[in-house]
Amino acid sequence: MANVDTSSSRPYHIVIFGASGFTGQFVVEEVARTVSEGPNGTLKWAVAGRSRQKLDKVLEQAAGTLGKPELRTAVEVIVADVGEPDSLAVMCKQAVIVLNCVGPYRFWGEPVVKACVENGAHCIDICGEPQFLESMQLNYDSQAADKGVYIVGACGFDSIPADMGVLYTRDQFKGTLTALESFLTASTGPEGGSINDGTWKSAIYGFADSGKLRSLRKKFGHKPLPVVGSKIKRRSALFYSNEVQQYAVPFMGADPSVVKRSQRFLLEEHQETPVQYGAYAGVGGVANIVKMLFAGMMFWFLVKFSFGQDLLIKYPEFFSFGFFSKDGPTRKQMEGSSFKFAFYGEGYTEGQDPSQGRPNAKIRTLVQGPEAGYVATPIAMVQAAITILNEPTALPKKGGVYTPGATFAKTKLVERLNKHGIQFSVI
């Protein structure tokens with residue numbers, strides 16, 4: 001049995017590890033906004049990282065941004081380093097949940113997972129790297145189960161909107177949902193937008209290592225998920241989407257693999273009908289396609305060689321046409337940015353046999369929210385933690401390494417996200 005102990009045996013409900021990083025600083029602000037949502041209306045929390053000086057600076061910044069001067073003195077600072085296992089153990093023993101914001105996870109994630117499992121702390125990350133997420137499941141699932149610990153990856157923009165969006169659509173469908181496609185579009189304001197180069201680095205290392213991911217997946221020995229209803233048709237590598245009225249490409253992030261893992265869990269543990277899923281992203285008009293093809297060709301060529309990877313890492317703005325930058329977006333850019341996931345599903349109405357004939361019903365839903373990387377991601381991560389703290393009986397019965405969908409399928413996470421600006425609706 002898993003155990004979410006919110007009593008006084010651990011001083012902090014949440015410890016934010018990597019709080020002084022680019023994303024971590026926004027997670028700090030989001031936790032500070034939601035202290036009244038903790039167990040019994042109080043959230044006890046601390047920040048952790050390598051440099052006390054940088055952590056103090058982040059708290060100072062949050063105090064000024066939020067108008068909460070008490071943050072300067074009321075929040076405990078814990079010095080911990082991924083390269084020092086003893087310091088991680090000390091940190092984990094003090095936390096009910098560790099929010100791990102230190103990436104790229106393929107390099108820095110495993111010591112945190114290991115320390116959490118060994119010291120009885122639950123762990124949430126915002127990883128979008130399938131190789132890391134799946135290797136943690138392979139290597140730590142049974143240990144986490146033995147310890148009663150939840151290790152929940154991909155709890156940011158990768159992949160809560162997609163994973164919970166699939167479950168939301170399924171729950172709203174009157175009958176058996178069998179196939180679903182999502183179309184992601186993002187918009188920016190007059191200031192434009194960008195993404196911090198940490199995400200760019202994760203993509204570089206992920207594509208360079210794609211062969212290892214294929215061999216990793218063979219180790220699970222999974223049989224293909226059963227296809228219920230008509231088989232979903234895969235779209236081409238570039239096509240005009242009538243759904244979002246622009247050109248689109250297959251979504252290259254973690255969402256498809258995370259959703260598939262959730263569907264497998266729900267089939268195996270709850271005998272729920274698996275939903276086939278296709279994920280796509282809108283890329284705009286012809287001018288954007290030309291840029292994307294040029295950038296894509298350079299990326300695919302360079303990522304195969306170590307010198308090429310070094311170039312990509314050194315000059316993210318040049319090779320991504322300004323989409324990624326070492327500085328990340330400004331607050332002004334973040335305020336003007338937003339995302340939308342449009343879901344188009346089909347299935348069989350109640351009483352219809354999915355093994356007989358074509359689907360006879362459709363559904364359309366929307367998940368939309370603020371800027372994806374540094375506004376929506378902290379909201380999703382913090383609400384995932386709040387859900388674990390407040391709804392332990394709705395979580396999987398045993399500990400393990402889980403996806404968001406597997407962890408939160410029976411909880412009120414979608415309701416919580418709706419209240420915080422990530423909106424789920426039927427169109």
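In this predicted model, cysteine 123 has isoleucine 151 of β6 as its bridge partner. That contact belongs to a two-bridge pairing in which β5, spanning residues 122-125, runs parallel to β6. Zooming out, the two strands sit within an open sheet of seven strands, and reading across it gives β3-β2-β1-β4-β5-β6-β15, with parallel pairing. The sheet stops at β3 (76-79) on one edge and at β15 (400-402) on the other, and each of these strands pairs on one side only. From one strand to its neighbour the turn is 20° on average, with direction ignored. As background, strands in a sheet are held in register through backbone hydrogen bonds, and the pairing may be parallel or antiparallel.

A helix also packs against this part of the fold. Helix α16, covering residues 372-390, lies across four strands, namely β1 (12-17), β4, β5 and β6. Its direction is about 160° to that of β4.

Next come the backbone oddities. As a rule, most peptide bonds are trans, and most residues other than glycine have a negative phi. Two cis peptide bonds are worth a look here. One links glycine 103 to proline 104, with omega at about -5°. Proline 104 is found in the loop that leads from β4 (95-100) to α5 (105-108). The other cis bond joins aspartate 158 to serine 159, and here omega is about 5°. This one does not involve a proline: the residues are an aspartate and a serine. Serine 159 sits in the loop between β6 (150-152) and α8 (160-172). Both loops thus follow strands of the seven-stranded sheet, since β4 and β6 are listed in its order.

Positive phi values turn up at two residues that are not glycines, asparagine 40 and phenylalanine 321. For asparagine 40, phi is about 55°, and the residue lies in the loop between α1 (22-33) and β2 (45-49). Asparagine 40 is clearly out in the open: its relative accessibility is 82%, so it counts as exposed, the cut-off being over 50%. Phenylalanine 321 also has a phi of about 55°, in the loop that connects α14 (316-319) with β12 (324-325). With a relative accessible area of 40%, phenylalanine 321 is partly exposed, because that value falls between the 20% and 50% limits.

Definitions and conventions: Residues are numbered from 1 along each chain as its sequence is written. This is a predicted model: local features need pLDDT of at least 70, side-chain atom pairs count only at pLDDT 80 or more; totals for chains, interfaces and linings use all residues. Side-chain values use heavy atoms; hydrogens and water are left out. Buried means under 20% relative accessible area, exposed over 50%, partly exposed in between (1.4 Å probe, protein chains only). Two strands pair if DSSP finds at least two bridges between them. Axes are lines fitted to C-alpha atoms, for helices over the stretch in contact, and angles run from 0 to 180 degrees between N-to-C directions. Contact means heavy atoms within 4.5 Å.
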